[in-house]
Amino acid sequence: MYSKELNTIKKANRYRSRRIFDKSLIDLASNDYLGLSQNKELFENAYKRVLEEEYNSPKASILVNGYNQIHKDFEDELKKANNFEDAIVVGSGFLANLSMIEALVRKGDLLFIDEEYHASGILASKLLAKNQVIIFKHNDYKDLKQKFETSTNKGRNIIAIEGVYSMQGDIASYEIFEFANKHNAILIVDEAHSSGVIGDNLLGIFDYYNITPQKNHIKMGTLGKAYGSYGAYILASSHIIEFLLNRAKAIIYTTAPSLFDIALGLESLKFIIKNKKEIKEKIALNLQIIYDNLNIKSNSLIIPIEIADNKKVISIQKELENSGFLVGAIRQPTVKNAIVRLIAKIDVKADELEKVCKILKELR
Ligand SMILES: Cc1ncc(COP(=O)(O)O)c(C=O)c1O
């Protein structure tokens with residue numbers, strides 16, 4: 001039924017498939033930045049916490065009776081740590097982006113979205129009227145300013161950016177935060193790849209720039225990456241959270257997040273806060289190794305190595321696999337030009353990271 005389309009994908013070397021990888025491979029491909037997915041103590045604590053409840057599953061939407069003390073405990077801890085007025089747990093980052101964009105951009109409002117915003121946000125923007133969506137050049141504050149100032153909008157303005165961009169690993173420009181405040185625009189920040197990785201307290205981009213959250217700020221974070229679990233959360237003013245609870249379809253019409261995953265997210269949050277000094281030291285060490293060996297300066301643990309050739313990027317990935325390392329081979333449509341996406345995860349030993357960099361340097 002879809003053979004023609006599949007053949008086109010294959011011809012362009014863009015064909016994808018699932019695989020269960022050899023367990024012995026050293027993982028430099030996943031978003032498990034801090035290696036928490038292997039932390040059995042956190043897992044056991046979360047398991048014990050769920051056992052204290054009478055039931056194991058959330059059973060219903062958060063607005064029926066799916067809301068559990070475990071959800072609330074995590075929200076409370078997130079609010080306190082991040083200095084936001086309110087929080088809400090969401091099933092996944094994909095659903096969180098869908099929730100925010102679909103619900104917050106009302107008739108007469110405009111959405112200004114970075115061209116490299118995650119696919120979930122771009123997909124959500126397609127639910128809006130075409131003339132409500134303005135895509136600005138990646139992380140380009142001047143382009144945003146120019147597009148913003150030439151619009152004749154009388155409604156709300158909503159800007160959507162990421163804290164750390166998922167493919168290039170670059171961080172959101174500070175000017176965009178200043179700009180949003182100056183123009184009283186709502187600023188949505190997807191912190192999927194920044195929370196747990198950057199900032200003095202490892203809380204993400206607000207922490208990195210030392211920005212005190214304001215009423216117009218919204219922070220979304222996911223648990224499937226540095227937090228070693230699954231699920232997501234949105235932090236915002238009480239007013240915005242109240243509105244999302246009453247309007248966001250991807251929050252209302254879906255089962256509340258898994259109790260275990262949220263309990264594990266809470267364990268991870270506490271772990272990160274408690275161990276921030278050691279985690280930051282290891283992040284700094286890994287980034288130094290990357291700089292010394294590949295001459296790439298990065299603020300995040302995402303290291304993109306441009307190859308710009310789909311066939312070559314796959315062959316590099318294979319060669320590295322033969323040497324025992326797993327890296328991402330990212331192609332279009334995820335990125336414009338093919339890249340090797342290397343994640344300098346902190347559970348990877350220094351000598352192993354050095355070795356993979358040396359092989360990459362030769363293959364490039
Ligand atoms: C920037 C960004 N936002 C949102 C998501 C979606 O999050 P989730 O995997 O929790 O659905 C991802 C990736 O998965 C992401 O990279």
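Which residue in E12 is the bridge partner of Pro304? In this predicted model, the bridge partner of Pro304 in E12 is Arg341, and this pair offers a way into the smaller details of the structure before its other parts are described.

**The sheet of 3 strands**

Strand E9 (302-306) and strand E12 (339-343) run antiparallel and are joined by 5 bridges. They belong to an open sheet of 3 strands, in which the order is E9-E12-E11 and the pairing is antiparallel. Because E9 and E11 stand at the edges and each has a single partner strand, one side of each is left without a neighbour in the sheet. Neighbouring strands here are turned against each other by 30 degrees on average, direction ignored. Helix H13 (residues 310-322) packs on this sheet, where it touches E11 and E12, and its direction makes about 35 degrees with that of E12.

The loop between strand E11 (328-330) and E12 contains Pro333, and a cis peptide bond, with omega about 10 degrees, joins Gln332 to this proline. A second backbone feature is found at Asn210, a residue other than glycine whose phi is positive, near 60 degrees; Asn210 lies in the loop between helix H8 (205-208) and E7. For background, most residues other than glycine have a negative phi, and most peptide bonds are trans.

**The sheet of 7 strands**

The other open sheet to be described has 7 strands in the order E2-E8-E7-E6-E5-E3-E4, and its pairing is mixed. Its edges are formed by strand E2 (86-90) and strand E4 (133-136), each of which has a single partner strand, so one side of each is left without a neighbour in the sheet. On average, neighbouring strands of this sheet are turned by 20 degrees against each other, direction ignored. Within it, strand E7 (residues 217-222) and strand E8 (residues 232-236) run antiparallel and are joined by 4 bridges, and Thr222 has Ala232 in E8 as its bridge partner.

Two helices that lie across strands of this sheet are listed below.

| Helix | Strands it lies across | Direction |
|---|---|---|
| H4 (residues 93-104) | E2, E3, E5, E6, E7 and E8 | about 155 degrees to E7 |
| H6 (residues 141-150) | E3, E4 and E5 | about 155 degrees to E4 |

**The ligand**

H4 also takes part in the surroundings of the ligand, since it gives the most to the shell, with 3 residues. In total, 14 residues surround the ligand, and the closest are Ser92, Gly93, Phe94, His118 and Ala192. By class, the residues of this shell are 3 nonpolar, 9 polar and 2 charged.

**Pairs of helices**

Two packed helices are described by the angle between their axes and the distance between the axes. The axes of helix H2 (residues 40-51) and helix H11 (residues 259-274) cross at roughly 130 degrees and come within 8 Å, and these helices are therefore oblique to each other. The crossing of H2 past H11 is right-handed. Among the residues that meet are Leu42, Phe43 and Tyr47 in H2 and Leu259, Phe260 and Phe271 in H11, and the residues of this contact divide into 10 nonpolar, 2 polar and 2 charged.

H6 packs with helix H7 (residues 174-182) at an angle of about 25 degrees, with the axes 9 Å apart, and that angle makes H6 roughly parallel to H7. Tyr141, Leu144 and Lys145 of H6 make the contact with Glu175, Ile176 and Phe179 of H7, and by class this contact has 4 nonpolar, no polar and 2 charged residues.

Technical notes:
Residues numbered from 1 in each chain as written. Predicted model: local features only at pLDDT ≥ 70, side-chain atom pairs only at ≥ 80, totals over all residues. Pairing = 2+ DSSP bridges. Helix = DSSP H or I, 4+ residues; strand = E, 2+ residues; numbered from the N terminus. Axes fitted to C-alpha atoms, helices over the stretch in contact; angles between N-to-C directions. Contact = placed C-beta atoms within 7 Å. Near = placed C-beta within 6 Å. Nonpolar A, V, L, I, M, F, W, Y, C, P; charged D, E, K, R; others polar. Parallel < 35°, antiparallel > 145°, perpendicular 65-115°, else oblique. Left-handed = near helix turned anticlockwise from the far one by under 90°.
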